[in-house]
Amino acid sequence: MELEDLIQEFSQSRYNDLSIEKGDQSIYLRRGATKIIQNNSCVDSPSDNKTNEQSDSVDLSQGDFLKSDRVGIFSSTIKSGDKVNKGDKVGLITAINVPHDLIADQSGIVKSVIVESGAGVAYGMELIELDVENV
Amino acid sequence: MSRKINRILIANRGEIAVRIIRACKELDIETVAVYSTVDKDSLHVKLADEAICIGSHLVTESYLNMQNIVAAAEISGADAIHPGYGFLAENVDFVEILNACNIEFIGPEGDAIRRMGDKAEARKLMKENNVPTVPGSKDIIQSIEEGLKVAKECGFPVMVKATAGGGGKGMRLVHKEEDFAELFELASQEALAGFGNGDCYIEKFVVDPRHIEVQILGDSFGNVIHLGERNCSIQRRHQKLLEEAPSPCISEDLRTRICQAGVDAAKAVNYKNAGTIEFLVDKDENFYFMEMNTRLQVEHPVTEMITGVDLVKEQILIAEGHKLSYTQDEIKFKGHAIEFRVNAENPKDNFSPCPGAIDHLRLPGGPGVRVDTMISSNDEILPFYDSMIAKLIVYDEDRDKAIIRGKRALDEFVIDGVSSTVEVHKQILSTETFKSGYFSTSYMDTEFNLSE
């Protein structure tokens, strides 16, 4: 079944959650998941003269931040003080009801999770601050 | 069943994103811009109520990235997406994803896009609805005798085309009946040698065609109206450079027939929203369906100038489920409009793109002058995107006066730092052929010589 068909079927069904695993692929759908927008919104306000530096960088691995590689709803699977290794899953970004793993592209100790779970995030946005010195 | 749109995401960049944002603001609809990392300082980002970065400078990762664009609509609460032109404007998959996500696509139904996008199906559909198509058929010709019969039915000259051909190979223009057998054989042999397949078909060759297109609007209630025609015969490398409305040098009879054919074509696919039907017109005013563009077009402003209709606002109202704001009788044509595409290109080097920094920009103004653009002084013209940086549209009560106004406005137009097509337009306006109003799509290649 095509992904769009699946989403349509799901949206018309009476279920709130749907999880499918097949081989190495998995899909998780949750009703209403993408409509959650919290105060620390995903959007840069253009009327705000301060440029949002979080979305400036083209190089996603630059600096001591783990950045969003897509647009969607963010949820963290780690917390301050956790040690992460390059390649670890550190969170999920859900787009069109499909969650995608956010993978650490560098190792370090989590200083802070900048974006609250449930908030929308833009491409390139800083999500997690790492201390990469003391690993 | 109308449904108010509160917030529109514009899945595009450049001047058209700015154009759409302006229409939204006048309709009191909130706007969400999306942008690539290199477009963060673009005008559409500054003018929109919200802006979301959707990917890198690569169009496949940003403006063509359906997943990020739909996700951007979801996290920003946009209930509709306007695709502009290009990028995802005629992408059936995109329309279907939006349907599944309950986000309104401001454009036609996916089915109309698909049917008009399939050349063979569109042609068949047009024939069934008595919209003239170029005589000939895509059927493979089995013998010289059969080919000659088809060629005579089409009327010479005809083009013999190999189904597998390309790049000019396996193609022969036949002017006279007595040359047919020899040239048909040549085309077939060339295709067999070059592509391993000698199958050929025959199509009438339209000599020195003019490109004339009809703007239509359709609503969800089956109403379709036309907003007259545009002449887009001034092209370089098969891309339009200058467009005008109404078309000069066509009879009222042709105007009536071609506009009706446009309406018939749209009705054949139950067309909803704004669309354009492109025709080739020969010197005897025979016209042939070329294709339908199932979207807003770059040159839509010339139609807006002579009708007073805001096409983008109409698109939004149609998408909300409203009936057309106008009946056919209420569409009144007044005056003449010309659009000049200002591209960051080097006309002396076959119009090759020439991105770079704009050191100084002065835009023209005054009565009857409209400039749709996203650029300003010190902007960088990026190499990743289309080279069109501005559209200058002039309007006056008749064509002669519009040409004078065009010259005046082009003289005011200063772009320092990058090469542009401004000078080319000035020269086009000064040629006798252009002033006469009669010119074919080969004008730029055969008649126009760029002077120093």
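This report looks at one helix of chain B and a few backbone oddities in chains A and B of a predicted model.

## Helix H9 of chain B

Let's start with H9(B), which runs over residues 252–268 and so has 17 residues. From its first C-alpha to its last it reaches 24 Å, close to the 24 Å expected at 1.5 Å a residue. Just after the helix comes Asn270(B), with a positive phi near 50°.

Which residues of H9(B) are buried? The list holds Leu254(B), Arg255(B), Ile258(B), Cys259(B), Ala261(B), Gly262(B), Val263(B), Ala265(B), Ala266(B) and Ala268(B). Their cover includes two helices of chain B, H5 (110–117) and H6 (119–128), along with strands S10 (210–218), S11 (224–236), S13 (273–281) and S14 (287–293).

## Cis prolines in chain B

Pro157(B) sits in the loop between helix H7 (144–154) and strand S7 (158–166) of chain B. The peptide bond leading into it from Phe156(B) is cis, with omega near 0°.

Pro246(B) is in the loop that links strand S12 (239–245) to H9 of chain B. Here the bond from Ala245(B) is cis, with omega near -5°.

## Positive phi without glycine

In chain A, take a look at Ile96(A), in the loop between strands S6 (89–95) and S7 (98–103). Its phi is positive, about 50°, although Ile96(A) is not a glycine. Is this residue buried or exposed? Ile96(A) counts as buried because its relative accessibility is 8%, below the 20% cut-off.

Phe87(B) also has a positive phi, near 40°. Its loop lies between strand S4 (80–82) and helix H4 (92–100) of chain B. With 29% relative accessibility, Phe87(B) counts as partly exposed.

Definitions and conventions
Residues are numbered from 1 along each chain as its sequence is written. Chains are lettered from A and ligands numbered from 1 in the order in which they are written. This is a predicted model: local features need pLDDT of at least 70, side-chain atom pairs count only at pLDDT 80 or more; totals for chains, interfaces and linings use all residues. Side-chain values use heavy atoms; hydrogens and water are left out. Helices (H or I, at least four residues) and strands (E, at least two) are DSSP runs, numbered from the N terminus. The expected span of a helix is 1.5 Å times one less than its number of residues. Buried means under 20% relative accessible area, exposed over 50%, partly exposed in between (1.4 Å probe, protein chains only). Contact means heavy atoms within 4.5 Å.
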